[in-house]
Amino acid sequence: MRARRLGWAPYALLLPSLAFLLVFFATPMFQAFVLGLQDRTGEWTLASVQRMLNDANFMRALTTTVWLVVLIVPIQFVLAMSMALVVNARLKGSGLWLYVYALPLGISELAAGIVWVSIFTQTGWLNSILEGLGLIERPIIWQSSETPWLILITVVLAEAWRATSIIMIILVAGLQSIPPEYLEAADVYGATTWQKVRHVVLPMLRPSLQVALILRTILAFQVFATVIALGGTGVTVLAEEAQRWATDIDNDHVAAAYAGLILTLSIVSTVLFLWLLPTREEQQP
Amino acid sequence: MPTTQAMPWRRASGLLAAVALALAACTGETSPTPGASAAASAAVTDGGPVDIGQVVMLSSQLVPVEEAEKMRSQILADFAGEVEFIGAESGPFNDRVRAEGETGSGDVSVIGGLHGEFASFAADGLLMDLSDVADELADLGINEQYLELGKLGTDQQLYIPWMQATYVMAARSEAMEYLPDGADIDALTWEQVTEWGANIEEATGERKLGFPAGEDGLWHRFFQGYGYPAFTGALNTAFASDDAVAMWDWLADTWQYVNPQSTTYGFMQEPLQSGEVWVAWDHTARLIEALRSQPDDMVAFPAPAGPSGRAFMPVVAGLAIPNSAENPDGAKELIKYLLQPQTQATTLSAVSFFPVITAELPGDLEPGQQAEEAAVTTMTNASDALPSLLPIGLGDQGGAYNQVFRDAFQQIILDGQDAATVLDSLAGNLQEVLDTVEAACWPPDPESDGTCQVQ
């Protein structure tokens, strides 16, 4: 009965957002794929994809990107989960913590990268402090092209600082939607804090975890400005190569091939998370 | 008033102009433009009642945020009309000029670019004849040789010279005591730079040479205008030659004394100022801050020489009006404004591009600019000077061309691959770029019959 009364209204209300998605997401996505599979004259070809695969920077960019995802996502999850639990514990001043944690969200990716450069550059804050404490004799070069793994660590740190709070916010929202009755019931049965987290909170949080994981992984595949700021040409990632081919080299076709690869990787990881973390109906808020 | 003494930049600018013209393949009969209508240029400075309206200026020069900001807030501040200044990297720059040219209508009324970029636009008939503007500006004494370059081999003035620069070396004074024995800083060789770096490393334990090999550094210009010509006497025609391998071997050897953070450097003035680097090569506009802020602790000196000579790259930027210009009259006013002595002086002090006019500039040169000017003069005057032009006629392939040199650097120096093998494989990419736009060789490569052939 209820469904019938609503009639076409829900669909009409969905139309604007659907149109928006079609015009600004689906169409450019489709165009990017087409662009990646055509050459300058508009012929269908795999030449741009081959060009990308044979590009001197391709393997470097791919491995760095994958490493970043593998390192950033778990680190941020552990951090975000602890932060979310602290905020959700409703301790005195927990509202303040939420704001403090969320601060980096207000800073642009590139600005954050530049701030971290001032920390890690040879004459930067970190070396000055270490030298001041007498821990090192001469500055350590953190951003050396000869130690790309060290640059990678600086990028992971900067990213963890910059983008953990977005996950935290999703998790806090998830935590707050868990009905207090469940936890009270667990208390009644004498569950310890860890048992409550393990058997009540985490399972109930699964939908939020899934969203946060998907979001963070997709964003990690797109990491760009912090890598440019901290790594220069010493390390590179897929998004940086896409940008280079589009603006510096002015070859939209190879750039589109890179963009297509990033999209494919994002889709594969999303499907993987949906499959690995299925949510049951009772977990839906 | 004596003028030559008071305005030393004239020497440097004149010399740069002379070498650029002598090299330009596009020579034509010089048609001097005597007679001046002083009234016209006076109208610009007066502001006057003329309604100039809005002028959109697209530029491949002054793109870095700091430079673009100074362009907007200082250089353009006194213009009577309203200017929207858009800095764009070579890719988007080319795309926009061409897109607007092809549709025959557009927002952009003034294009600021390099000689090589204008050559491509002119070849496609996108640029307006500015002979009338050149005539009106005759009393400013715009360098005749640059004006000739601006004709691009035609009898029309397709662009008006705007400003000029080049690349030199700078060092902190701490580095001077480690100069190799008997080395003359004004006549160094690249081998001596290696020795210099080694001396510093031995004494301090730190690698203090520096190059702008970062994302927005001009590292590719090092290879195109300094490394290759100095070691091979050529560029494209010697890309994979034995002499080229010798250049890469030299760089690989030198790299052990180069700060490994160089791959993050865009502008060498910053690491020079902080002391991360003691000896650096870069564009004059990207060294000036160091020379200006610490004039007593910094020296500027000519680019070193290789076996084939003291190669250097003069940079000539110009101003043009596309046929599709929305506001051509306003555009002409803007060009006249940018050439006025006061504006040229502001340009020099704000972004460190040197003037192209011989009329007297107001004010004195700052010590940093004097240092650069002296280095440029010594470099262009050197008996072994080997000027090398910026790429000409690459159109939208400019970025792809630069990438070949950056790829070579990545693979040979950073990844440690065999130079000869890498160069052989990249030679194909380079030829493909040149073939795509059918670019002829430019100096120091010998003149080519048709498309330049990589060897």
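Reader: Which residues have the most contacts inside the largest nonpolar core?
Author: A quick word first: this is a predicted model, in which local features need pLDDT of at least 70, side-chain atom pairs count only at pLDDT 80 or more, and totals for chains, interfaces and linings use all residues. Residues are numbered from 1 along each chain as its sequence is written, while chains are lettered from A and ligands numbered from 1 in the order in which they are written. The largest nonpolar core (buried Ala, Val, Leu, Ile, Met, Phe, Trp, Tyr and Cys residues joined through C-beta atoms within 7 Å) has 186 residues. Those with the most contacts inside this core are Tyr258(A), Val168(B), Ala170(B) and Leu334(B).

Reader: Which helix gives the most to this core?
Author: The core draws at least three residues from each of domain 1 (6-166 + 314-365) and domain 2 (167-312 + 394-437) of chain B, with bounds from an automatic or database domain assignment. Helices (H or I, at least four residues) and strands (E, at least two) are DSSP runs, numbered from the N terminus. With eight residues, the top contributor is the helix at residues 398-414 of chain B, α16.

Reader: Which residues is Tyr258(A) in contact with, beyond its neighbours in sequence?
Author: Contact here asks for C-beta atoms, placed from the backbone, within 7 Å. Once neighbours within four places in sequence are left aside, the partners of Tyr258(A) are Met52(A), Leu238(A), Glu241(A), Ala242(A) and Trp245(A).

Reader: How many residues does the second core have?
Author: This core is separate, and its members include Ala80(A), Met168(A), Val172(A) and Leu209(A). Its residue count is 17.

Reader: Which element gives the largest share of the side of domain 1 of chain B that touches domain 2 of chain B?
Author: Across this boundary, 11 residues of domain 1 are in contact with 13 residues of domain 2 of chain B. On the side of domain 1, the elements giving two or more residues are α4 (90-103) and α5 (115-123) of chain B. The largest share, three residues, comes from α4(B).

Reader: How many charged residues are on the side of chain A that touches chain B?
Author: Between the chains, 18 residues of chain A are in contact with 25 residues of chain B. The side of chain A has four nonpolar (Ala, Val, Leu, Ile, Met, Phe, Trp, Tyr, Cys and Pro) and 10 polar residues. Its charged residues (Asp, Glu, Lys and Arg) number four.

Reader: Why are the buried residues of helix α3 of chain B on the same side?
Author: In α3 (residues 65-75), Glu67(B), Lys70(B), Met71(B) and Ile75(B) are buried (20 or more other C-beta atoms within 10 Å of their own C-beta, placed from the backbone; exposed is 12 or fewer, partly exposed in between). On the other side of α3(B), Val65(B) and Ser73(B) are exposed, while what covers the buried residues includes β2 (82-87) and α14 (341-351) of chain B. The four share a side because the directions from the helix axis to their C-beta atoms cover an arc of only 105°.

Reader: Which residue in β10(B) stands opposite Met163(B)?
Author: Strand β4 (residues 160-165) of chain B has six of its six residues buried, so this strand is largely enclosed by the rest of the structure. Five bridges join β4(B) antiparallel to strand β10 (residues 315-320) of chain B; pairing takes at least two DSSP bridges. Opposite Met163(B) stands Ala317(B).

Reader: What percentage of chain A is buried?
Author: Chain A has 13 helices and zero strands. Of its 285 residues, the buried part is 34%.

Definitions and conventions
Contact = placed C-beta atoms within 7 Å.
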